[in-house]
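Here is a short report for a reader meeting this structure for the first time. Look over the sequence and the 3D view, then read on.

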Amino acid sequence: MVKAIIAPSILAGDFSKLGAEAKRVFDAEADWIHLDVMDGHFVPNITMGPPIIASLRKSVPRDSNAPGKFFFDCHMMVSRPEQWVEPIAKAGGDQYTFHYEATDDPLKLIKLIRDNGMRAACAIKPGTPVEVLYPLAQYLDMALVMTVEPGFGGQKFMADMMPKVDALRRKYPQLDIQVDGGLGPSTILAAANAGANVIVAGTSVFKAANAEEMIQLLRSHVTSFLRDNNLLTN
Ligand SMILES: O=C(CO)[C@@H](O)[C@H](O)COP(=O)(O)O
Ligand SMILES: [Fe+2]
């Protein structure tokens, strides 16, 4: 099932009040919240880990009447991603995105993630060719094409990553395809028209004067592309 999913990255939020920031964007109709976990080793920055995610989950508890609401999309920019699967699941993660570059056995890792009750996703850095995802795609819930070098928010969108998104969309019409880094009003059209349906937006949503309008704008471009190409399911 492919639909537009807008996932604000809380990295651009106010870390002194993460719970309130998550609620603010969910109230503004964000579909997911994107949690950037960085270990200071795979990337040159340190952000948050399982204890913070567990606290955040207490602020926005799962709703048993509405499965999938308050979805935690965990982008794991870590070395040895295998070691964090169980802690992230226990902390309340709904999806675990590992980096292809960080593991020797992506298929085993996908199984571990699924066995821990989460959706499994694989990310590729800008220098990694899209072809590495082809043998994994049938086992993945989502592929993430990075549109910046991972490590920091607020960077410039790399439009030259769009051929990767386009290639994935042509081969896998039903796969969730995420783009992450530099997405906002001036770049959403390129991403949507290449076939991305899951949009991470940190700075553009959290720093917007009106987060709800920004989320709607991002969503409208994705939905138009999916509809025009008969890819939309609901
Ligand atoms: O994973 C990352 C950066 O490594 C991203 O999720 C960024 O945090 C997105 O922030 P913006 O570029 O949208 O401000
Ligand atoms: Fe991210």
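Eight strands form an open sheet in this predicted model. Their order is β1-β8-β7-β6-β5-β4-β3-β2, and the pairing is parallel. The edges belong to β1 (5-8) and β2, each of which pairs on one side only. On average, neighbouring strands of the sheet are turned by 25 degrees against each other, with direction ignored. As a general point, strands of a sheet pair through backbone hydrogen bonds, either parallel or antiparallel.

One pair of strands shows the pattern in detail. Strand β6 (residues 142-146) and strand β7 (residues 176-180) run parallel and are joined by five bridges. M142 has D176 as its bridge partner in β7. Helix α5 (residues 162-171) packs on the sheet and touches both β6 and β7. The direction of α5 makes about 170 degrees with that of β7.

A second helix can be placed too. Helix α4 (residues 106-115) lies across β4 (95-99) and β5 (119-124). It runs at about 145 degrees to β5.

**Around the ligand**

How many residues surround ligand 1? There are 21, and the closest are L11, P150, G153, G202 and T203. Two elements give two or more residues to this shell: β2 (32-38) and β8 (198-201). By type, the shell holds eight nonpolar, eleven polar and two charged residues.

**Positions listed by UniProt**

An unreviewed UniProt entry lists H34, D36, H75 and D180 under "binding site". These positions are spread over 147 residues of sequence, yet they cluster in space, with a largest C-alpha distance of 10.5 Å. The feature "active site", also from an unreviewed entry, is placed at D36 and D180. That pair spans 145 residues of sequence, and its largest C-alpha distance is 10.5 Å.

The table gives the surroundings of these positions.

| Residue | C-beta neighbours within 10 Å | State |
|---|---|---|
| H34 | 28 neighbours | buried |
| D36 | 25 neighbours | buried |
| H75 | 27 neighbours | buried |
| D180 | 28 neighbours | buried |

Take H34 to begin with. It lies in strand β2. Why does H34 count as buried? Because it has 28 C-beta neighbours inside 10 Å, and 20 or more is enough for that label. Apart from residues up to four places away in sequence, H34 touches A7, P8, S9, I10, D73, H75 and V200. H75, one of these contacts, is itself on the "binding site" list.

D36 is also in strand β2. It is buried, with 25 C-beta neighbours inside 10 Å. Leaving out neighbours within four places in sequence, D36 is in contact with S9, L11, T47, H75 and M77. L11 appears again among the residues closest to ligand 1.

H75 sits in strand β3 (residues 71-77). With 27 other C-beta atoms within 10 Å, it is buried. Which residues does H75 touch, not counting those up to four places away in sequence? They are H34, L35, D36, V37, T97, A123 and D180. H75 therefore touches H34, D36 and D180, and these three share the "binding site" list with H75, while H75 counts as buried because 27 other C-beta atoms lie within 10 Å.

D180 belongs to strand β7. It too is buried, with 28 other C-beta atoms within 10 Å. Beyond its neighbours within four places in sequence, D180 is in contact with H75, L144, M146, T147 and V200. V200 also touches H34.

**Two residues with positive phi**

E29 is not a glycine, yet its phi is positive, at about 75 degrees. This residue lies in the loop between α1 (18-27) and β2. Is E29 buried or exposed? E29 counts as exposed because it has 12 C-beta neighbours inside 10 Å, and 12 or fewer gives that label.

F70 also has a positive phi, near 60 degrees, and is a residue other than glycine. Its place is in the loop between α2 (50-59) and β3. F70 is buried, because 20 other C-beta atoms lie within 10 Å and the label starts at 20.

How values were computed: Residues numbered from 1 in each chain as written. Chains lettered and ligands numbered in written order. Predicted model: local features only at pLDDT ≥ 70, side-chain atom pairs only at ≥ 80, totals over all residues. Near = placed C-beta within 6 Å. Helix = DSSP H or I, 4+ residues; strand = E, 2+ residues; numbered from the N terminus. Nonpolar A, V, L, I, M, F, W, Y, C, P; charged D, E, K, R; others polar. Pairing = 2+ DSSP bridges. Axes fitted to C-alpha atoms, helices over the stretch in contact; angles between N-to-C directions. Contact = placed C-beta atoms within 7 Å. UniProt positions renumbered as here; feature names shortened; annotations may be inferred.
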